[in-house]
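Reader: I'd like a close look at one part of this protein, and I'm happy with a long answer. Could you take me through the charged pairs and then whatever they sit next to?

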Amino acid sequence: MKQIVRIDIDSPGAYESFLAGWEKKDFIGTPLLFGYKIKDMACGILVADYVGKVAVLKWIAVDEICQGRGIGTRLWKAFYNIVADAGVTCVDTVVCLPAREAKRAEAFLEHRGFQKTEVKESYSFCIEAVSGGSLSKLFGNKDMHMHTLQEAAPYQIRNYNQRMIEEDGGNFISIVPEELLPESIVWIEDDKIKGCVLLAACGNGIELRMLSGNGSQMLALMLAKACKSLVDRYPMDTRIYVAALVDSAKRLVEKMAGNNVVLENPISHYVKEWE
């Protein structure tokens, strides 16, 4: 008997090996986990979540001996039907895999109407490499300007997003608290957000989604504080993934994390939208 089932993230049972390190803390919105089984054998899984009209497809995996039977397609259809009925109009996902696997994953997405929006180089470093550095102990009077995202007032976030739209023409990442980790840091001065380190869940690691501020000292202090906060919930060897840093920010990360910075596989961003 072949069957698609909903999976409880707290008790995944036979699907635990498919989760690839995903935990409840990694979901910002409503978790959606679908499993595919043949008789009593777990054969595949789809992991996603959604907030409002946007869903994030995090992971699709099919057991090697079961591949080529359309299991991934059936899981996708089950997921799509649920989120479409819930009012979702956009599915966002990224591909960051070795070349052969990435080619297969990208073909799967493109066949289902996803559009590739960008490809970025990516780097990573572990929390410990930055959280234990000298900057994490020397915040001094600058600490009064650094706040967690939860401490920022809604009007400050709205004003920052609006200012970025006006200055950058929308070519920036908005601060959307529901999509970010609480350890994200904002720099508030004169009642305005002047900089930010935005962090998001990324499999069994963390994505550094944005590093923005006035000068290298501000960036370094915010990044150090964010990493120091992360150790309360994440192992010290958890890796933080960064895509396409500008040269100055990349040099800053390399200076702070040293030899711990490694070049990762490119990240391809895909989006599927409908009315």
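How many salt bridges does the count come to?

Author: Keep in mind as we go that this is a predicted model. The count comes to 5 salt bridges. Let's walk through some of them.

Start with Glu106 and Lys116, whose side chains meet in a salt bridge at 3.4 Å, N to O. Glu106 belongs to helix H2 (residues 99–111) and Lys116 to strand S6, so this pair ties together parts that are 10 residues apart in sequence. The two ends of the bridge sit in different burial classes: Glu106 counts as buried because its relative accessibility is 15%, under the 20% limit. Lys116 comes out at 39%, so it counts as partly exposed.

What does Glu106 have beside it? One of its partners is Val95, in strand S5 (residues 90–95). From C-alpha to C-alpha, Val95 and Glu106 are 7.3 Å apart in space, with their positions 11 residues apart in sequence. Val95 has a relative accessibility of 5%, so it counts as buried. Setting aside neighbours within four places in sequence, Val95 is in contact with Ala102, Ala105, Glu106 and Leu109, and also with Pro266, Ile267, Ser268 and Tyr270.

Next comes Glu183 with Arg233, where the closest N and O atoms are 2.8 Å apart. Glu183 lies in the loop between helix H4 (154–168) and S8, while Arg233 lies in the loop between H5 and S11, so here the bridge ties together parts that are 50 residues apart in sequence. Glu183 has a relative accessible area of 8% and is therefore buried. Arg233, at 33%, is partly exposed.

Another pair is Asp190 and Lys194, with side chains meeting at 4.0 Å, N to O. Asp190 is at 65% relative accessibility, so it counts as exposed. Lys194 is partly exposed, with a relative accessible area of 27%.

Several of the elements just named turn up again in the nonpolar interior. The largest nonpolar core has 33 residues, and Phe125, Val197 and Leu223 touch the most other members. Elements giving two or more residues to this core include strand S6 (115–126), strand S8 (185–189), helix H5 (216–230) and strand S11 (239–243). Also on that list are helix H3 (127–131), strand S9 (192–202), strand S10 (205–212) and helix H6 (247–257). H5 gives the most, with 10 residues. For a feel of the packing, pick Leu223: beyond its neighbours within four places in sequence, Leu223 is in contact with Phe125, Val130, Val197, Leu208, Val253 and Met256. There is also a second, separate core of 24 residues, which includes Ala78, Phe79, Val91 and Trp274.

Ala78 and Phe79 take us to helix H1 (residues 71–85), where they are among the buried residues along with Ile71, Gly72, Leu75, Trp76 and Val83. These buried residues cover an arc of only 160 degrees around the axis, which puts them on the same side of H1. An α-helix has 3.6 residues a turn, so residues three or four places apart point the same way. The face of H1 turned away from the buried side carries the exposed residues Lys77 and Asp85. H1 has 15 residues and reaches 22 Å from first C-alpha to last, close to the 21 Å expected at 1.5 Å a residue. Just after H1, Gly87 takes a positive phi of about 95 degrees.

Before we stop, have a look at strand S3 (residues 41–51), which is mostly covered, with 8 of its 11 residues buried. S3 pairs in the antiparallel sense with strand S2 (residues 30–38) over 9 bridges, and Gly35 has Ile45 in S3 as its bridge partner. S2 and S3 form a hairpin with 2 residues between them, and Lys39 in the turn has a positive phi of about 55 degrees. S3 is also joined to strand S4 (residues 54–62), running antiparallel, by 8 bridges. In that pairing, Ala48 stands opposite Leu57 in S4. The hairpin of S3 and S4 has 2 residues between the strands, and Gly52 there takes a positive phi near 60 degrees.

Conventions
Residues are numbered from 1 along each chain as its sequence is written. This is a predicted model: local features need pLDDT of at least 70, side-chain atom pairs count only at pLDDT 80 or more; totals for chains, interfaces and linings use all residues. Side-chain values use heavy atoms; hydrogens and water are left out. A nonpolar core is a set of buried Ala, Val, Leu, Ile, Met, Phe, Trp, Tyr and Cys residues joined through side-chain atoms within 4.5 Å. Buried means under 20% relative accessible area, exposed over 50%, partly exposed in between (1.4 Å probe, protein chains only). Helices (H or I, at least four residues) and strands (E, at least two) are DSSP runs, numbered from the N terminus. Contact means heavy atoms within 4.5 Å. The expected span of a helix is 1.5 Å times one less than its number of residues. The arc is that of the directions from the helix axis to the C-beta atoms. Two strands pair if DSSP finds at least two bridges between them.
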